[in-house]
Amino acid sequence: MQLLADENIPLLDEYFAGFGSLRRLPGRQISRADLQHTEVLLVRSVTRVDRALLEGTPVRFVGTCTIGTDHLDLDWLASAGIHVASAPGCNARGVVEYVLSCLLTLGERTATDWRRQRIGIVGVGEVGGRLYATLQALGVDCLRCDPLRAERGESGFVSLDQLIAEADVLSLHVPLTSSGAYATRHLLDAGRLAALRPGAWLINSSRGPVVDNAALLACLQQRPDLQVALDVWEHEPEVDPQLAARCALATPHIAGYSLDGKLRGSDMIYRALCQHLQQPASLSLQQLAPDSGHTCLQVAAGSEADWLLARALRWVYDVRDDDARMRAMLGQATEAAQRRSGFDRLRRDYPLRRECAALDLQGELPPAARQLLRAAGFSC
């Protein structure tokens with residue numbers, strides 16, 4: 001069996017070499033010519049998988065080691081009899097920690113207690129649902145908008161316009177859809193951006209086109225009071241340097257790029273391929289996951305709970321590092337082609353990042369601090 005995989009998928013050899021001959025390519029460079037003798041295609045979000053890529057090839061299994069599927073033409077793949085597997089929820093925890101780091105940083109820069117902000121979550125699925133649970137455990141006031149869940153009769157949801165009117169912070173976690181009653185392309189258009197509350201914070205870690213980037217730039221040129229953190233961009237890998245310059249935080253689509261999230265994605269697709277081939281799964285993530293990045297933080301007796309929460313979150317992940325790398329790349333890239341290659345290089349060469357569970361907190365933790373850290377996702 002011939003397999004072709006995005007080179008950025010971790011544990012490729014460990015999980016997939018046993019199925020046959022395994023080749024690697026950069027995800028954006030995979031073409032139909034590369035697939036003429038390939039039965040299994042393994043991708044991430046940068047590879048568009050549709051009729052143009054696969055028609056006339058022997059590919060019968062497509063696995064995307066990502067939570068989203070908007071890069072897959074699911075209708076055509078189904079009509080062609082090609083089995084599709086994704087990894088829902090694999091990187092949800094990493095995205096939650098990205099949002100927490102953004103909240104912590106924006107709070108510090110604006111001298112605001114982020115835990116006293118009213119946070120509006122738009123899209124309450126795998127990621128948004130986990131973010132909501134974490135914020136609730138931390139005692140944060142939240143509003144939720146999810147029209148599909150509300151339509152099913154679930155309670156506790158508000159309209160997007162109500163959320164915009166009442167929330168101090170918007171965090172976006174919707175899939176990208178372009179048609180239907182609940183299309184999300186340009187969900188935040190010029191009108192809704194103009195309706196943001198004075199001093200509002202906007203965090204987008206879903207998909208770039210969910211926010212009209214041209215309208216956002218125009219809005220920010222008129223409203224310096226807004227604090228915007230963008231991890232995703234409308235024309236990736238092209239980034240508008242003017243928009244990035246006006247964002248409080250700008251990162252290269254890495255919100256869910258924790259090693260743990262990537263490993264879970266590989267594991268989920270491995271199991272899906274085993275099921276597709278009707279063979280037992282003999283490998284486990286527990287067997288294969290590396291120890292790299294596990295560390296400990298010694299806690300001094302009497303440490304104040306809020307201070308300790310901020311230090312622990314920063315120890316695990318600090319969004320300011322990714323923001324600095326992104327701005328350095330944009331500062332050196334004078335041409336669009338350089339920005340595109342620089343964006344992909346930041347993702348390809350992303351440094352080791354673990355999740356909260358990989359940090360061992362040692363020492364005497366006051367009960368209030370222990371409760372707060374557990375609520376944030378630490379094991380202590």
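These questions and answers go through the domains, pockets and local geometry of a predicted model.

Reader: Into which domains is the protein divided?
Author: The model is predicted. Domain 1 is made of two segments, 2-86 + 258-287. The full division is domain 1 (2-86 + 258-287), domain 2 (91-250) and domain 3 (295-376).

Reader: How many residues of domain 2 are in contact with domain 3?
Author: The centres of domain 2 and domain 3, taken over C-alpha atoms, are separated by 20 Å. On the domain 3 side, 28 residues take part in the contact. On the domain 2 side, the number is 28.

Reader: What percentage of residues 296-375 is helix?
Author: In an unreviewed UniProt entry, residues 296-375 carry the feature "domain: Erythronate-4-phosphate dehydrogenase dimerisation". The end C-alpha atoms of this stretch are 18 Å apart. Strand makes up 11% of the chain there, and helix 60%.

Reader: How far apart are the end C-alpha atoms of residues 110-255?
Author: An unreviewed UniProt entry lists residues 110-255 as "domain: D-isomer specific 2-hydroxyacid dehydrogenase NAD-binding". The chain over this range is 31% helix and 15% strand. The distance between its end C-alpha atoms is 22 Å.

Reader: Between which domains does the second largest pocket lie?
Author: The pocket has a volume of about 390 Å³. Two domains give residues to its lining, so the pocket lies between them. They are domain 1 (2-86 + 258-287) and domain 2 (91-250).

Reader: Which residues lie nearest the centre of the second largest pocket?
Author: The lining holds 18 residues. By class, they are five nonpolar, six polar and seven charged. Nearest the centre lie Arg-28, Ser-45, Asp-70, Arg-207 and Glu-236.

Reader: Which of the UniProt "binding site" residues does the lining of the second largest pocket include?
Author: The unreviewed UniProt entry places this feature at Ser-45, Thr-66 and Tyr-257. These residues span 213 residues in sequence, yet no two of their C-alpha atoms are more than 12.0 Å apart, so they gather at one spot. Of these residues, the pocket lining includes Ser-45.

Reader: Is Thr-66 buried or exposed?
Author: Thr-66 sits in the loop between strand 4 (61-64) and helix 3 (74-79). Leaving out residues up to four places away in sequence, its contacts include Arg-44, Ser-45 and His-71. Its relative accessibility is 7%, and the cut-off for burial is under 20%. Thr-66 therefore counts as buried.

Reader: Which helix gives the most to the lining of the largest cavity?
Author: The whole structure holds one cavity of 30 Å³ or more, and the largest cavity has about 30 Å³ of space. Its lining consists of Glu-97, Leu-100, Ser-101, Leu-313 and Tyr-317. By class, that is three nonpolar, one polar and one charged. The element that gives the most, with three residues, is helix 4 (residues 92-109).

Reader: How far apart in space are Ile-254 and Asp-231?
Author: Ile-254 lies in the loop between strand 11 (249-250) and helix 11 (259-276). At 0% relative accessibility, Ile-254 counts as buried. Among its contacts beyond four places in sequence are Tyr-98, Asp-231 and Tyr-317. Ile-254 and Asp-231 are 23 residues apart in sequence, and their C-alpha to C-alpha distance is 6.7 Å.

Reader: What is the phi of His-253?
Author: Most residues other than glycine have a negative phi. His-253 is in the loop between strand 11 and helix 11, and with 13% relative accessibility His-253 counts as buried. It is not a glycine, yet its phi is positive, at about 55°.

Reader: Where is Leu-11?
Author: Leu-11 has a positive phi, near 60°, and is not a glycine. At 14% relative accessibility, Leu-11 counts as buried. Its place is in the loop between strand 1 (2-6) and helix 1 (12-16).

Reader: What is omega for the bond that joins Glu-236 and Pro-237?
Author: Most peptide bonds are trans. Pro-237 lies in the loop between strand 10 (227-230) and helix 10 (241-246). Glu-236 is among the residues nearest the centre of the second largest pocket. The bond between Glu-236 and Pro-237 is cis, with omega of about 5°.

Methods
Residues are numbered from 1 along each chain as its sequence is written. This is a predicted model: local features need pLDDT of at least 70, side-chain atom pairs count only at pLDDT 80 or more; totals for chains, interfaces and linings use all residues. Side-chain values use heavy atoms; hydrogens and water are left out. On a 1 Å grid over the protein atoms alone, a cavity is a set of points where a 1.4 Å probe fits but cannot get out, and a pocket is an open set with protein on both sides within 12 Å along at least five of seven lines; lining residues have an atom within 4 Å of a point. Grid points are joined across faces, edges and corners, and a volume is the space filled by probe spheres set on the points. Helices (H or I, at least four residues) and strands (E, at least two) are DSSP runs, numbered from the N terminus. Ala, Val, Leu, Ile, Met, Phe, Trp, Tyr, Cys and Pro count as nonpolar, Asp, Glu, Lys and Arg as charged, and the others, Gly among them, as polar. Domain bounds come from an automatic or database domain assignment. UniProt positions are given in the numbering used here, feature names are shortened, and annotations may be inferred rather than shown by experiment. Buried means under 20% relative accessible area, exposed over 50%, partly exposed in between (1.4 Å probe, protein chains only). Contact means heavy atoms within 4.5 Å.
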